[in-house]
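Reader: I am new to reading structures, and I would like to understand the words that are used to describe one. Could you take me through them slowly and tell me what lies behind each?

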Amino acid sequence: MSDTTRRHPDLILVKLRENAGYGFTYLSVADFNRAADRFLKPGVKSAGLDLNNDEQRRTFAYDYLWRVFFEPDQQVFVRDTVRWIAAAAAREKFTDEMPRVISVERKTDGGIVIRDAKEYLSHPGFPLAVIVGKPAKGGGSAHFFTSQDEFAKAGQAGLTDDMWMPQIVYRLYEETPSVVLGMPRSSGTGSQMGVECRALAFGMPAKLTERKH
């Protein structure tokens with residue numbers, strides 16, 4: 001492995017449904033490995049497996065990723081746990097060079113695929129993913145969009161508890177990179193609330209243009 005080989009993803013998208021799931025950020029190799037190990041080390045030990053056995057370790061990570069998709073209501077699969085499982089499975093999948101953006105999603109045959117999501121590096125001008133969270137906090141729940149019209153339809157609707165983040169992003173920006181994260185932000189006095197947004201361009205050319213009101 002060369003010194004220039006990528007060893008961690010910037011983002012792992014877990015598409016539990018076609019348009020909803022999680023978007024998890026990893027800011028460094030240490031952050032990514034720490035997340036993977038938080039799941040693998042105690043999990044493999046509890047299962048009586050050998051952490052140094054590549055096949056056992058990989059099978060264990062993939063099995064739990066499968067459970068996230070098919071048993072999502074289990075109490076163990078909270079946001080942090082899913083983030084750790086996603087990191088572990090991605091690390092097992094990409095042993096040579098890590099993609100910058102990874103998507104974990106269902107296949108048409110019902111299985112799960114972990115793939116290089118290169119489409120997120122070609123910014124279409126609207127967000128393919130809107131994530132509730134901050135990069136430094138690891139991301140969080142996400143909504144996914146496949147077209148400008150789909151995003152606009154969601155954005156133009158009245159604010160709802162489920163879709164509030166995409167709706168606010170739509171109201172704020174006319175053009176965005178492929179991923180936008182946002183979190184509520186207090187004014188400090190508690191009397192007003194705002195939203196702090198951060199767009200991810202992954203080192204590629206992209207525009208973030210505020211909407212003219």
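**Helices, surroundings and the whole chain**

Author: Let us begin with a pair of helices in this predicted model: α1 and helix α2, which spans residues 54-70, pack at an angle of about 110 degrees, and their axes are 11 Å apart.

Reader: What makes α1 roughly perpendicular to α2?

Author: Angles from 65 to 115 degrees count as roughly perpendicular, and the angle here is about 110 degrees, so α1 is described as roughly perpendicular to α2.

Reader: Which residues of α1 and α2 meet?

Author: From α1 there are Phe39, Leu40, Gly43 and Val44, and these meet Arg57, Phe60, Ala61 and Tyr64 of α2. Sorted by class, this contact has six nonpolar residues, one polar and one charged.

Reader: How do you know whether α1 and α3 are roughly parallel or roughly perpendicular?

Author: Helix α1, residues 29-46, packs against helix α3, residues 79-93, at an angle of about 105 degrees, with the axes 7 Å apart. Since 65 to 115 degrees is the range for roughly perpendicular, α1 and α3 are therefore roughly perpendicular to each other. The residues making the contact include Phe32, Ala35, Ala36 and Phe39 of α1, together with Trp84, Ile85, Ala87 and Ala88 of α3. By class, the contact of α1 with α3 has 10 nonpolar, one polar and six charged residues.

Reader: Why is Val29 called partly exposed?

Author: Val29, which lies in helix α1, has a relative accessible area of 23%. Buried would require a value under 20% and exposed a value over 50%, so Val29, at 23%, is partly exposed. Once its neighbours within four places in sequence are set aside, Val29 is in contact with Arg7 and His8. Val29 and Ala201 are 172 residues apart in sequence, and their C-alpha atoms are 19 Å apart in space.

Reader: Is Ser178 buried or exposed, and how do you know?

Author: Ser178 sits in the loop between β7 (173-175) and β8 (179-186). Its relative accessibility is 0%, and because buried means under 20%, Ser178 counts as buried. Apart from neighbours within four places in sequence, the residues in contact with Ser178 include Tyr120, His123, Leu128 and Phe202. A polar atom of the Ser178 side chain lies 2.7 Å from the backbone oxygen of Tyr120.

Reader: What makes Thr176 buried?

Author: Thr176 is also found in the loop between β7 and β8. At 3% relative accessibility, set against the limit of under 20%, Thr176 counts as buried. Leaving out residues up to four places away in sequence, Thr176 touches Gly125, Phe126, Pro127, Val169, Lys207 and Leu208.

Reader: Why is the chain described as being as compact as a globular protein of its length?

Author: The chain has five helices and 10 strands. Its radius of gyration is 18 Å, and the globule rule gives 17 Å for 213 residues; the two values are close, so the chain is as compact as a globular protein of that length. Along the principal axes, the C-alpha atoms fill a box of roughly 60 × 40 × 40 Å.

Reader: How much of the chain is buried, and what share of its contacts joins residues 24 or more positions apart?

Author: Of the 213 residues in the chain, 44% are buried. Among the contacts with a separation of 6 or more, 56% are between residues 24 or more positions apart.

Notes. Residues are numbered from 1 along each chain as its sequence is written. This is a predicted model: local features need pLDDT of at least 70, side-chain atom pairs count only at pLDDT 80 or more; totals for chains, interfaces and linings use all residues. Side-chain values use heavy atoms; hydrogens and water are left out. Axes are lines fitted to C-alpha atoms, for helices over the stretch in contact, and angles run from 0 to 180 degrees between N-to-C directions. Helices (H or I, at least four residues) and strands (E, at least two) are DSSP runs, numbered from the N terminus. Angles under 35 degrees count as roughly parallel, over 145 as roughly antiparallel, 65 to 115 as roughly perpendicular and the rest as oblique. Contact means heavy atoms within 4.5 Å. Ala, Val, Leu, Ile, Met, Phe, Trp, Tyr, Cys and Pro count as nonpolar, Asp, Glu, Lys and Arg as charged, and the others, Gly among them, as polar. Buried means under 20% relative accessible area, exposed over 50%, partly exposed in between (1.4 Å probe, protein chains only). A polar contact is a pair of N or O atoms within 3.5 Å; within protein, one must be able to donate a hydrogen and the other to accept it, and residues adjacent in sequence count only if both atoms are side-chain atoms. The radius of gyration is taken over C-alpha atoms; the globule rule is 2.2 Å times the number of residues to the power 0.38.
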